[in-house]
Amino acid sequence: MASSTAQTLSPIEAAKRAAAFAAVNDYVKPEHKYIGIGSGSTVVYVVERFIELGAEANQHRWFVPTSFQATNLIKEGGLRLGDIEQIPALDVTIDGADEVDAAMNLIKGGGACHLREKVVAESAKDFIVVADYRKISQVLGDNWKKGVPIEVVPFAVTHVLTALKKLGSTDAKLRMAVAKAGPVVTDNGNLCIDAVFPQTLMRTPDVLLQQIKHLTGVVEVGIFTHICKAAYFGMEDGTITHQLPDGSMNKLEPQV
């Protein structure tokens with residue numbers, strides 16, 4: 001997608017694109033060789049920015065995906081596809097998020113890719129989030145009402161659902177597919193539960209994360225804590241908000 005296409009985007013898409021470009025411009029250095037590419041609609045613009053940098057800038061780089069979607073974006077963009085099993089240490093990973101709270105805790109997993117997303121995020125020296133202003137909240141769960149995404153092995157679904165309710169979930173259910181009958185199946189062959197918790201529990205995401213992960217049958221939880229170095233949000237007015245772990249938020253002008 002050429003830069004001129006930005007003029008035809010809706011305001012929200014233009015904002016997401018601006019945030020993605022700013023993240024790449026600020027955190028990807030010429031010497032960086034190993035780049036993690038996340039999932040979601042905003043990451044499309046992350047890949048676009050790398051394509052715009054040109055073949056010379058990317059000739060020494062490997063791009064490691066978090067999902068089938070990310071794999072396709074990398075391949076279709078003519079970028080070199082890497083494998084997290086072969087490249088365990090990344091320079092930077094740029095990914096989206098379903099929600100970011102004031103302390104930069106995240107909810108991810110709306111696309112049921114949070115297991116691979118967390119592995120790729122934790123493998124990077126810098127993990128950067130790009131999103132739009134609708135993902136900003138004070139407490140996780142304020143804006144993301146679908147619940148905490150939890151990847152589980154198929155035979156443990158009933159057990160985990162029961163255990164989540166004992167932990168305090170007010171609504172825990174197996175995620176069902178939209179375009180076909182049956183549940184959503186992750187890229188790893190597992191199933192996904194979405195569990196809503198009251199705000200009193202969401203205020204301590206570290207504690208809740210550990211409680212859920214200790215349940216037998218749980219593979220990974222879509223709560224990310226103490227990992228995000230910076231977040232870029234495309235705002236409704238076309239500007240960019242840059243958030244840091246100390247809670248500070250700075251307004252930036254679009255760089256493209």
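The following paragraphs describe the domain arrangement, the salt bridges and two buried positions of a predicted model.

The protein is divided into two domains, of which domain 1 is made up of residues 11-138 together with 226-252, while domain 2 covers residues 148-222. A distance of 25 Å separates the C-alpha centres of domain 1 and domain 2. The size of an interface is often expressed as the accessible area that is lost when the parts come together. For domain 1 and domain 2 this buried area amounts to about 1,300 Å², with 53% of it on carbon and sulfur atoms. In terms of residues, 15 from domain 1 are in contact with 17 from domain 2.

Polar interactions also cross this boundary, as nine residue pairs in polar contact are found across the interface of domain 1 and domain 2. On the side of domain 1 that touches domain 2, the elements giving two or more residues are strand S5 (106-107) and helix H5 (114-122). Helix H5 provides the largest share of that side, with four residues. By residue class, the side of domain 1 that touches domain 2 consists of five nonpolar, seven polar and three charged residues. The count of salt bridges between domain 1 and domain 2 is one. A salt bridge is formed by Glu220 and Lys118, whose closest N and O atoms are 3.0 Å apart.

Within domain 2, attention was given to Asn190, which is placed in the loop between strand S8 (171-174) and strand S9 (191-196). Asn190 counts as buried because its relative accessibility is 10%, below the 20% limit used for that class. The side chain of Asn190 is joined to that of Glu151 by a polar contact of 2.8 Å. When neighbours within four places in sequence are left aside, the residues in contact with Asn190 are Glu151, Val152, Val153, Pro154, Val184, Val185 and Val219.

Side chains of opposite charge can pair when their charged atoms come close. Over the whole structure, a search finds 13 salt bridges. One of these links Glu52 to Arg17, with the closest N and O atoms 3.7 Å apart. This pair connects distant parts of the chain, since Glu52 belongs to helix H2 (residues 43-53) and Arg17 to helix H1 (residues 11-27), 35 residues apart. The two partners are not equally accessible: Glu52 counts as partly exposed at 30% relative accessibility, whereas Arg17 counts as buried at 4%. Glu52 also forms a salt bridge with Arg49, and here the closest N and O atoms are 3.5 Å apart. Because Arg49 and Glu52 are three residues apart in helix H2, about one helical turn separates them. Arg49 is itself buried, with a relative accessible area of 16%.

A further salt bridge brings together the side chains of Lys229 and Asp126, at 2.9 Å from N to O. Lys229 lies in the loop between strand S11 (223-224) and strand S12 (230-234), and Asp126 lies in strand S6 (residues 124-132), so the pair ties together parts that are 103 residues apart in sequence. Of these partners, Lys229 counts as partly exposed at 40% relative accessibility, while Asp126 is buried with a relative accessible area of 10%. Salt bridges with shared partners, for their part, join Arg17, Glu48, Arg49 and Glu52 into one network.

The last position considered is Val92, which lies in strand S3 (residues 90-95). Val92 is buried, as its relative accessible area is 0%. Although Val92 and Ala124 are 32 residues apart in sequence, their C-alpha atoms are 5.1 Å apart in space. Apart from residues up to four places away in sequence, Val92 touches Tyr27, Val28, His32, Tyr34, Ile35, Gly36, Ala124, Asp126 and Ile128. Asp126 is thus both a residue touched by Val92 and the salt-bridge partner of Lys229.

Notes: Residues are numbered from 1 along each chain as its sequence is written. This is a predicted model: local features need pLDDT of at least 70, side-chain atom pairs count only at pLDDT 80 or more; totals for chains, interfaces and linings use all residues. Side-chain values use heavy atoms; hydrogens and water are left out. Domain bounds come from an automatic or database domain assignment. Contact means heavy atoms within 4.5 Å. Buried area is the accessible area (1.4 Å probe) that two parts lose on being put together, summed over both. A salt bridge is a side-chain nitrogen of Lys or Arg within 4 Å of a carboxyl oxygen of Asp or Glu. A polar contact is a pair of N or O atoms within 3.5 Å; within protein, one must be able to donate a hydrogen and the other to accept it, and residues adjacent in sequence count only if both atoms are side-chain atoms. Ala, Val, Leu, Ile, Met, Phe, Trp, Tyr, Cys and Pro count as nonpolar, Asp, Glu, Lys and Arg as charged, and the others, Gly among them, as polar. Buried means under 20% relative accessible area, exposed over 50%, partly exposed in between (1.4 Å probe, protein chains only).
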